[in-house]
Amino acid sequence: MAHPAHLWWNGKQVAWDDATIHISEVGWSTVGGVFEGIRAYWNDEQQELYVFRLREHLERLARSMKLVRLPLAFSVEDLTSAIVDLLRANETREDSYIFPMGFTANSYAHRYDLPEQSASLVIHTKPMPSHLGKDVAYKGRIASWRRISEDVMPPRVKNLSNYRNGQLARMEAAADGYDTSLLLNQQGKVAEAPGACVMLVRDGKLITPDLTSSVLESITRDALLVIARDLGIPVEERPVDRTEFYVGDEAFLCGTAAEVTPVVELDHYPIGDGKIGPITRKLQAAYEAALRGTNGTYPDWRTPVGVAALATR
């Protein structure tokens, strides 16, 4: 995969090959690092690129940095302009992933856990095609690993260290021949999947673990709950038992990278009839329309990049 021409680093656009740090800075610097996963979607008819819920992602980045005690020297408005300008500079005209990451600066010379520390912030982008509408479906298992709890690490934010928890569960699932897994929390209730929240359909209702179930405060999760309510689908946010998935009608993962990914089997129990269900498909379609701006719904969720104007220069 070819890299883009530019990235953004501590307030400036930098040529890709010039954005370097010394190898001694790598390691401890990112233990407390935080990041955001943000998607931009290409609308071919409009020849425009839309960033999905950019403000909400950047506000969560600020909250994440606060919780791990990293100072953030840039406002949401600063970072919004930085991302839009970066996508324009790279003339991005495809579905893409935007990755802002804050981490401890100067960790070679200073302890990484001092109350007062400096931070670096880097933003880069890469192509990431959508899999919505392509009938991707997963078979999963309940992980032997438990989801981190509020008294261990802050599960509601995107701390890099948190993600090792999900990586272990994902590797375990792959080694056992599954596509994904669901992690239980310390109370034995379903929390989330590696890198994604989970939703279940039972008797026409959309059910998802609540925000006190050791889940990320997911922006995609929130968007799908809004969309479901607008479609007239009843929604429940509450603790969820693993066996509810076994007897459920439909299930799916959701997140920036996962989008809406159906789960059709869990621990060798088919979920519903073992096929992608009608409510999942309805939510997939409505979600994609919101991402790409194809039907005008939820305009406040999309930040246009303005790449169409570049073609007229």
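**Figure 1. A loop serine with an unusual backbone angle.** Ser 214 sits in the loop that runs between β12 (205–208) and α4 (219–230). This is a predicted model, so everything in these close-ups is read from predicted coordinates. The thing to look for here is the backbone: the phi of Ser 214 is near 65°, a positive value in a residue other than glycine. Is Ser 214 buried or exposed? With 8% relative accessibility, Ser 214 counts as buried, because the cut-off for that label is under 20%.

**Figure 2. Gln 47, another residue with a positive phi.** Look at the loop between β4 and β5, and you'll find Gln 47. Gln 47 isn't a glycine, yet its phi is positive, at about 55°. As for its surroundings, Gln 47 has a relative accessible area of 36%, which makes it partly exposed.

**Figure 3. Inside the largest nonpolar core.** Here we zoom in on a group of 25 residues that make up the largest nonpolar core. If you want landmarks, try Val 51, Leu 58, Ile 83, Ile 98 and Ile 123, the residues with the most contacts inside this core. Which elements give two or more residues to it? They are the strands β4 (38–43), β5 (48–52) and β7 (119–127), along with the helices α1 (54–67) and α2 (76–89). Of these, α2 gives the most, with seven residues. Apart from this core lies another one, made of 23 residues, including Leu 224, Val 260, Ala 290 and Trp 301.

**Figure 4. The company Val 51 keeps.** This view centres on Val 51, one of the residues with the most contacts inside the largest nonpolar core. Which residues does Val 51 contact, once its neighbours within four places in sequence are left aside? Some carry low numbers: Ile 38, Arg 39 and Ala 40. Then come Leu 87 and Ile 98. The rest of the list is Trp 301, Arg 302, Thr 303 and Val 305. One of these contacts, Trp 301, belongs to the other core, the one of 23 residues.

**Figure 5. A buried salt bridge between Arg 60 and Glu 36.** The side chains of these two residues meet with N and O 2.7 Å apart. Arg 60 is part of helix α1, while Glu 36 lies in the loop between β3 (34–35) and β4, so the pair ties together parts that are 24 residues apart in sequence. Are the two partners buried or exposed? Both Arg 60 and Glu 36 are buried.

**Figure 6. Arg 55 and Glu 77, a link from helix to helix.** This salt bridge also has an N to O distance of 2.7 Å. Arg 55 comes from helix α1 and Glu 77 from helix α2, so to speak two distant parts of the chain, 22 residues apart. Arg 55 counts as partly exposed, at 40% relative accessibility. Glu 77 counts as partly exposed too, at 46%.

**Figure 7. A long-range pair, and a network of charges.** Asp 135 and Arg 281 form a salt bridge, with their closest N and O atoms 2.9 Å apart. How many residues apart are they? The answer is 146, with Asp 135 in the loop between β7 and β8 (138–146) and Arg 281 in helix α6 (residues 278–292). Arg 281 is partly exposed, with a relative accessible area of 38%. Elsewhere, salt bridges that share partners join Arg 202, Lys 205, Glu 236, Arg 238 and Glu 244 into one network. In total, the count comes to 24 salt bridges.

**Figure 8. The largest cavity.** The structure holds two cavities of 30 Å³ or more, and this view shows the largest, with a volume of about 50 Å³. Its lining is made up of Arg 147, Asn 162, Tyr 163, Gly 166, Leu 183, Glu 192, Ala 193, Pro 194 and Gly 195. Sorted by class, that's four nonpolar, three polar and two charged residues.

**Figure 9. The second largest cavity.** About 40 Å³ of space lies in here. Around it you'll see Glu 250, Ala 251, Pro 262, Val 263, Val 264, Lys 275, Ile 276, Gly 277 and Thr 280. Which strands each supply at least two residues of this lining? They are β14 (250–255) and β15 (259–266), and β15 gives the largest share, three residues. By class, the lining divides into five nonpolar, two polar and two charged residues.

Definitions and conventions:
Residues are numbered from 1 along each chain as its sequence is written. This is a predicted model: local features need pLDDT of at least 70, side-chain atom pairs count only at pLDDT 80 or more; totals for chains, interfaces and linings use all residues. Side-chain values use heavy atoms; hydrogens and water are left out. A nonpolar core is a set of buried Ala, Val, Leu, Ile, Met, Phe, Trp, Tyr and Cys residues joined through side-chain atoms within 4.5 Å. Buried means under 20% relative accessible area, exposed over 50%, partly exposed in between (1.4 Å probe, protein chains only). Helices (H or I, at least four residues) and strands (E, at least two) are DSSP runs, numbered from the N terminus. Contact means heavy atoms within 4.5 Å. A salt bridge is a side-chain nitrogen of Lys or Arg within 4 Å of a carboxyl oxygen of Asp or Glu. On a 1 Å grid over the protein atoms alone, a cavity is a set of points where a 1.4 Å probe fits but cannot get out, and a pocket is an open set with protein on both sides within 12 Å along at least five of seven lines; lining residues have an atom within 4 Å of a point. Grid points are joined across faces, edges and corners, and a volume is the space filled by probe spheres set on the points. Ala, Val, Leu, Ile, Met, Phe, Trp, Tyr, Cys and Pro count as nonpolar, Asp, Glu, Lys and Arg as charged, and the others, Gly among them, as polar.
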